[in-house]
Amino acid sequence: MLLLFNESPVVFISIIGVLGLLIGSFLNVVILRLPVMMEKEWHAQCNDLLEITSDNEQASEPFNLVTPNSHCPKCNHKIKAIENIPILSYLFLKGRCSDCGIKIPARYPIIEATTALLSIIVAWHFGPTWEAAAALLLTWALVALTVIDFDHQLLPDSITLPLLWLGLGISLAGIFTDPESAIIGGLVGYLSLWSVYMLFKLTTGKEGMGYGDFKLLAMLGAWLGWQSVLPIILLSSVVGAVVGITLIVVRGRDKNIPIPFGPYLAAAGWITLLWGDQIIQTYLTTMNISP
């Protein structure tokens with residue numbers, strides 16, 4: 001199989017593109033259900049702490065990434081397999097439920113297409129290698145984290161922490177970085193944003209960001225090494241500042257409304273994953289600094 005992929009890059013990239021569409025469809029489920037699962041777990045923990053017995057039957061029904069089956073939120077029409085083909089089903093159904101006709105959000109095919117496109121870029125960049133396999137997994141996780149944080153200002157530990165440990169693990173094989181750089185990267189990634197958070201809180205009495213941002217940068221530091229932390233912070237800060245100012249000026253967004261920082265960290269981390277070395281080299285050359 002690897003021989004086929006090496007001899008026919010188009011075949012490899014095409015297969016990864018189709019896989020990206022399927023993963024994108026699954027990520028839609030993760031993005032929709034994981035925050036609800038977290039909220040249900042928090043309610044259950046609060047009830048246990050307060051020794052409250054819940055009589056809510058809906059709260060006791062299984063709810064996870066598999067159960068219940070996908071259905072229309074309005075009429076509860078169970079979505080058939082033929083209605084769940086990435087992008088194609090949306091186009092065939094003209095963006096509406098086949099039963100009640102309610103409009104299906106366009107974000108679903110957009111997430112599927114975006115995941116496929118990012119997967120293709122990763123496959124083209126790394127080729128049929130272990131680096132590509134690892135980078136695809138990280139890419140898919142970053143897509144889910146980006147949209148969840150955009151929607152709920154949450155970066156679930158159930159995604160960031162396993163990926164942090166996996167980043168440390170693959171460093172043993174020398175994928176992307178070495179173990180020493182990965183360990184230091186995790187520490188530097190977490191402590192850098194934590195220090196900014198604490199300084200801002202001591203100065204203003206307000207919380208400038210959430211702990212999920214620290215864990216996300218620690219995860220990226222573990223995957224890409226401590227050398228990547230500063231470029232990621234700089235890239236995410238510049239993009240975040242530009243987007244934030246644009247929203248305030250153009251759309252009149254209240255400047256007191258928090259803007260999630262996770263999507264910008266995720267985007268900067270993905271860019272650094274693919275082109276970090278070139279970015280650093282370009283910066284050093286531009287500033288006339290010898291590496």
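How many of the 14 residues of α9 are buried? The count is 12, and α9 is mostly covered. This is a predicted model.

## Helix α9

The buried residues of α9 include G212, D213 and F214. L216, L217, A218, M219 and L220 are also buried residues of α9. G221, A222, W223 and L224 belong to the buried group too.

The helix spans residues 211-224. At 1.5 Å a residue, its 14 residues should span 20 Å. The end C-alpha atoms of α9 are 20 Å apart, so expectation and model agree. G225 follows α9. The phi of G225 is positive, near 95 degrees.

## Aromatic pairs

The model holds seven aromatic pairs. One of them joins F126 and F176, whose ring centres are 5.8 Å apart. Their planes lie at 65 degrees; the cut-off for edge-to-face is over 60, so this pair is edge-to-face. F126 and F176 link distant parts of the chain, 50 residues apart. F126 sits in helix α5, residues 107-126. F176 sits in the loop between α7 (157-171) and α8 (179-204).

Burial differs between the two partners by class. The cut-off for buried is under 20% relative accessible area. F126 has 19% relative accessibility, so F126 counts as buried. F176 has 24%, so F176 counts as partly exposed.

Y190 and F214 form another edge-to-face pair. Their centres are 5.6 Å apart, with 85 degrees between the planes. This pair also links distant parts of the chain: Y190 is in helix α8 and F214 is in helix α9, 24 residues apart. Y190 is partly exposed, because its relative accessible area is 26%. F214 has 0% relative accessibility, so F214 counts as buried.

## An aromatic cluster

Which residues form one aromatic cluster with Y190 and F214? They are Y197 and Y211. Thus the edge-to-face pair of Y190 and F214 lies within a four-member group: Y190, Y197, Y211 and F214. F214 also appears among the buried residues of α9.

## Charges over a ring

The ring of F63 has two charged neighbours to report. R33 lies over the face of F63, at 5.6 Å from the ring centre. The charged end of K40 sits over the ring of F63, 5.6 Å from its centre.

Terms used
Residues numbered from 1 in each chain as written. Predicted model: local features only at pLDDT ≥ 70, side-chain atom pairs only at ≥ 80, totals over all residues. Heavy atoms only, no water. Phe/Tyr/Trp six-rings, centres within 6.5 Å; stacked < 30°, edge-to-face > 60°. Helix = DSSP H or I, 4+ residues; strand = E, 2+ residues; numbered from the N terminus. Buried < 20%, exposed > 50% of the residue type's maximum accessible area, 1.4 Å probe, protein only. Lys NZ or Arg CZ within 6 Å of the ring centre and 35° of its normal. Expected span 1.5 Å × (residues − 1).
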